[in-house]
Amino acid sequence: TQGPVDMSNFRYTHAIVCRLPDSYKSSALGLSGPVDLPKARKQHEMYVASLREIGLDVIELPADEKHPDCVFVEDVAIVCNGTALLTKPGHPDRKNEVVYMREILKNELELPVIEITDKNATLDGGDVLFTGKEFFVGLSSRTNQAGACALASAFPEFHCTPIKASLSVMLLYTVENSLHLKTAMTMCGPDVICVGSTPSVQNILKRIVKEAMFKYQTVTVPDWVAANVVFANGFLLHRSAEDYPETAKVFEEKLSHWTLKSQDFSEFEKANGSLTCCSILIRKTRHL
Ligand code: CIR
């Protein structure tokens, strides 16, 4: 049996985001279609506004033209339990995104920052699913076993399980060369995993459930990309009915006990970006 629902690991005080550089339009990795930059900026503004409405102090990093993907801050650091782990981004073009992030985490947020020393390790934050009780790490084109080990040793208080992505999903994504575990599943409540209905994603979920230390419920949505939601402070930020009507319906039917906030995110999806990608959520117990 489960204990009482524990919300504490889904309460946050701060969020780090990064403004969108112009270079995103032409040079973001894995672009699948032409980006409407003004529309992307509007979507990002709405996203930041939502984070503020959720009650977060939002720290905005300036756009970094040299790093077209810098808007996807989730990949460069994992913050949990008051500690930050700076990652080793799996794509060479993104490695130096950690430089800005280190500075903010240390100097502005005054968090202890752990660096990965293993030269062979690669780790993208998008592959790290924290359930509030344990970690799952997707082994992907961006994240390797050594990266998963680095995560495990940075947060020894939590169990950490590496999960191999299934072949079909790998094939699907090798094209874009960007599979992140969290693109396909995220937490949509304490002990509740939101996941797409496609067989390949369900296959990954099965492995997670089998290896998990704790029990989880699931909410299944028809559009697997829209299973990526931000759950924070009792709010659920999800893809809009305009982007994914069928999935938005599921959220309204099954998750209306949270305050639902809907978000258009088409221009970020074009570069394999999802809702969680664009922020790092932090809980500071002590006020700055
Ligand atoms: C990349 O390929 O790195 C970016 N275009 C997309 C990163 C998405 N991040 C994420 O899923 N956490």
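This briefing describes a protein chain with a bound ligand, taking in the confidence of the model, the ligand site and two individual residues.

The structure is a predicted model, and the predictor gives the complex an ipTM of 0.98 together with a pTM of 0.94. Across the protein chain the mean pLDDT is 92, with 92% of the residues reaching 70 or more. Residues 173–178 have a pLDDT below 50, although in the model this stretch has 13 contacts beyond near neighbours in sequence. Where pLDDT is low, the predicted coordinates should not be read in detail.

**The ligand and its surroundings**

- The ligand is surrounded by 14 residues, of which the closest are D69, E74, D75, A271 and C277.
- Sorted by character, the residues of this shell comprise 4 nonpolar, 5 polar and 5 charged ones.
- Nitrogen atoms of the ligand take part in two of the pairs described here: a polar side-chain atom of D69 lies 2.7 Å from a ligand nitrogen, and a polar backbone atom of L29 is 3.0 Å from a ligand nitrogen.
- On the oxygen side, a polar side-chain atom of R94 is found 2.8 Å from an oxygen atom of the ligand.
- Taken on its own, the ligand has 350 Å² of accessible area, and the protein covers 99% of that area.

**L181, a residue in a helix**

- L181 lies in helix α6, which spans residues 181–184.
- The relative accessibility of L181 is 5%, and because buried means under 20%, L181 counts as buried.
- When neighbours within four places in sequence are left aside, the residues in contact with L181 are G126, D127, L129, F136, V137, G138, I204 and I208.
- V221 stands 40 residues from L181 along the chain, and the C-alpha atoms of L181 and V221 are separated by 16 Å.

**G82, a residue in a loop**

- G82 has its place in the loop that runs between strand β3 (77–80) and strand β4 (83–86).
- With a relative accessibility of 27%, G82 counts as partly exposed, since that class takes in values between the 20% limit for buried residues and the 50% limit for exposed ones.
- Apart from neighbours within four places in sequence, G82 is in contact with L111 and P112.
- Although G82 and R283 are 201 residues apart in sequence, the distance between them in space is 6.8 Å, taken from C-alpha to C-alpha.

Methods. Residues are numbered from 1 along each chain as its sequence is written. This is a predicted model: local features need pLDDT of at least 70, side-chain atom pairs count only at pLDDT 80 or more; totals for chains, interfaces and linings use all residues. Side-chain values use heavy atoms; hydrogens and water are left out. Helices (H or I, at least four residues) and strands (E, at least two) are DSSP runs, numbered from the N terminus. Buried means under 20% relative accessible area, exposed over 50%, partly exposed in between (1.4 Å probe, protein chains only). Contact means heavy atoms within 4.5 Å. pLDDT is the predictor's confidence in each residue, from 0 to 100. A residue is near a molecule or strand if one of its heavy atoms lies within 4 Å of it. A polar contact is a pair of N or O atoms within 3.5 Å; within protein, one must be able to donate a hydrogen and the other to accept it, and residues adjacent in sequence count only if both atoms are side-chain atoms. Accessible areas come from the Shrake-Rupley method with a 1.4 Å probe; for residues, only the protein chains shown count as cover. Ala, Val, Leu, Ile, Met, Phe, Trp, Tyr, Cys and Pro count as nonpolar, Asp, Glu, Lys and Arg as charged, and the others, Gly among them, as polar.
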